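Reader: Before I use terms for this model, I would like to know what each one rests on. Can we go through them in turn?

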Amino acid sequence: MSWSTTIGLVALALLGCNTERNNPLDPALPLPAMYRLGSVDVTLSSGRSIEFAWIDSGTFTMGATPDLEALLRDSGLWLDHLHEDTKPSHEVHISEGFYLGRFEVTQAQWIEIMGEMPSGGTQQATADSSHPVVNVMWSDAVSLAETLSNMDGGAQYRLPTEAEWEYACRAGSQSIWFFGNDMSSLGNYAIYFANHFQYGGRYGAVGQKAPNAYGLYDMHGNVAEWVSDYYGPYAGASQTDPQGPTSGEMRVSRGGGWNNDPNLVFSAKRSSDPPDVMSTNKTVRLVRVE
Ligand SMILES: [Ca+2]
C-alpha cells in the first residue's frame, strides 16, 4: 500500500513496506523481523528521501538493570564514573507508536532542508553527502525538525525523547547491545573506535552496518544523536512517556560514535553535553508524528 503527500516543491511520502533495501551484513540474509512493521519515505524536492521506521508502542526496562551491570562489570566494560547514571533501571511505557528515522540525518538532507550547514563548524570536508551531518548543536537539531515540519505542512518532526531512543534502540532486547552481549560482533553493527580507521578516521556514510530489528541503522556508534531531554538522574519508579527534567544545563545524546570505545556505545549508555557543544560526534535522527 502507498499514498503520498507534499513536501516542498515535489515532495512525496510513501507509506508501506520497504522491500528494496538489503541487509548490509549479508544481502542474502532476510531483513530483521520488525523491519517491515511500517515505513514512510519522505522524498524531498531533489528526489532524496528520508526513511522512517514505525516503532510500536510498548513497555521496556530503561537503563542498566543489576543483571546488566553485572554483565558489564564481568566484561570489564563498567566504569562507575561513566555508567552510574544509567541506574536505577526503571520500567517505561511508550504509550503511542512513532516513526523514527532509519538513519542519522545526512549532510545532503540537511543542506536541502536548511540551506546551509549547521552553524557549529565544518563537516570535515567530506565529499560524500551520505555522511551524517555533524557539528550539530542541540538548537540546530531542533531547528531542523521545525523547518521540516513547516515544509511538510502536515506531519510534525521532532527529536526523540531519551526513552523513545533507548526503546527503539533495544527493539525488545535486554542485552548490552541490541544484537547481544558479544563484543566481537560489534563491528558488524557499529562504526566505533576500533574500526573507524576504515572510514577515514572518522564517521562513515550512514547505513553501512547491519540494522537492529526495527531496521534502524547506526544506533550504536557512527555519530551520537541528540535527544530532546535535559540531562538528569533517573528515578526508579515506573513512568509513562518520560520527557526528562524540566530544566538543566546539559542535553542528552545517545548511541556514542566513531571515536568511542564499546562501553560508550551500548544501548543504555547516556552522554551529556552543553547544548552548544560543537562536535564531530553530534548529529540528529528525527521522529515523524502524523
Ligand atoms: Ca548513531
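Author: Two strands are said to pair if DSSP finds at least two bridges between them. This is a predicted model, and that rule can be applied to its strands.

Reader: How do you know that E10 and E11 are paired, and in which sense do they run?

Author: The cut-off is at least two bridges. E10 and E11 are joined by 4 bridges and run antiparallel, so they meet the rule for a pair. Within this pairing, Arg251 stands opposite Asp273 in E11.

Reader: What is the order of the open sheet that holds E10?

Author: The order is E8-E10-E11, in an open sheet of 3 strands with antiparallel pairing. Its neighbouring strands are turned by 40 degrees against each other on average, direction ignored.

Reader: What makes E8 and E11 edge strands?

Author: Strand E8 (225–230) and strand E11 (270–273) each have a single partner strand, so one side of each has no neighbour in the sheet.

Reader: Which strands make up the open sheet with mixed pairing?

Author: That sheet has 3 strands in the order E4-E5-E9. Strand E4 (58–62) and strand E9 (239–240) are at its edges, because each has a single partner strand.

Reader: Why is the pairing called mixed?

Author: Strands of a sheet can pair either parallel or antiparallel. E4 and E5 run antiparallel and are joined by 5 bridges. Strand E5 (residues 90–94) pairs with E9 in the parallel sense, over 2 bridges. With the cut-off at least two bridges, E5 and E9 therefore count as a pair.

Reader: Which residues stand opposite His93?

Author: On the E4 side, Thr59 stands opposite His93 in E5. On the E9 side, His93 stands opposite Thr240.

Reader: At what angle to E5 does helix H5 run?

Author: Helix H5 (residues 162–170) lies across E4 and E5, at about 90 degrees to E5. Angles of 65 to 115 degrees count as roughly perpendicular, so H5 is roughly perpendicular to E5.

Reader: Why is H3 called oblique to H4?

Author: Helix H3 (residues 107–114) packs against helix H4 (residues 138–152) at about 60 degrees, and their axes are 10 Å apart. That angle makes H3 oblique to H4, because 65 to 115 degrees would be roughly perpendicular and under 35 degrees roughly parallel. The crossing of H3 past H4 is left-handed.

Reader: Which residues form the contact of H3 with H4?

Author: From H3 come Trp110, Ile113 and Met114, and these meet Leu144, Thr147, Leu148 and Met151 in H4. By class, this contact has 6 nonpolar residues, 1 polar residue and no charged ones.

Reader: What makes Asn135 unusual in its backbone, and is that residue buried or exposed?

Author: Most residues other than glycine have a negative phi. Asn135 is not a glycine, yet its phi is positive, at about 55 degrees. Asn135 lies in the loop between H3 and H4. A residue is buried at 20 or more C-beta neighbours within 10 Å; Asn135 has 20, so it counts as buried.

Reader: How do you know whether Asp241 is buried or exposed?

Author: Asp241 has 13 other C-beta atoms within 10 Å. Exposed means 12 or fewer and buried means 20 or more, so Asp241 is partly exposed. Asp241 also has a positive phi, of about 50 degrees, although it is not a glycine. Its place is the loop between E9 and strand E10 (251–254).

Reader: What makes Asn212 count as buried?

Author: Asn212 has 25 C-beta neighbours inside 10 Å, against a cut-off of 20 or more. Asn212 lies in the loop between helix H6 (186–189) and E8. The C-alpha atoms of Asn212 and Ala171 are 7.0 Å apart, though the two residues are separated by 41 residues along the chain.

Reader: Which residues does the cis peptide bond join?

Author: It joins Lys87 and Pro88, with omega about -5 degrees. Most peptide bonds are trans. Pro88 is in the loop between helix H2 (80–83) and E5.

Reader: How many helices and strands does the whole protein have, and what share of it is buried?

Author: The protein has 6 helices and 12 strands. Of its 290 residues, 43% are buried.

Note on methods
Residues are numbered from 1 along each chain as its sequence is written. This is a predicted model: local features need pLDDT of at least 70, side-chain atom pairs count only at pLDDT 80 or more; totals for chains, interfaces and linings use all residues. Axes are lines fitted to C-alpha atoms, for helices over the stretch in contact, and angles run from 0 to 180 degrees between N-to-C directions. Angles under 35 degrees count as roughly parallel, over 145 as roughly antiparallel, 65 to 115 as roughly perpendicular and the rest as oblique. A crossing is left-handed if the near helix is turned anticlockwise from the far one by less than a right angle, and right-handed if clockwise. Two residues are in contact if their C-beta atoms, placed from the backbone, lie within 7 Å. Ala, Val, Leu, Ile, Met, Phe, Trp, Tyr, Cys and Pro count as nonpolar, Asp, Glu, Lys and Arg as charged, and the others, Gly among them, as polar.
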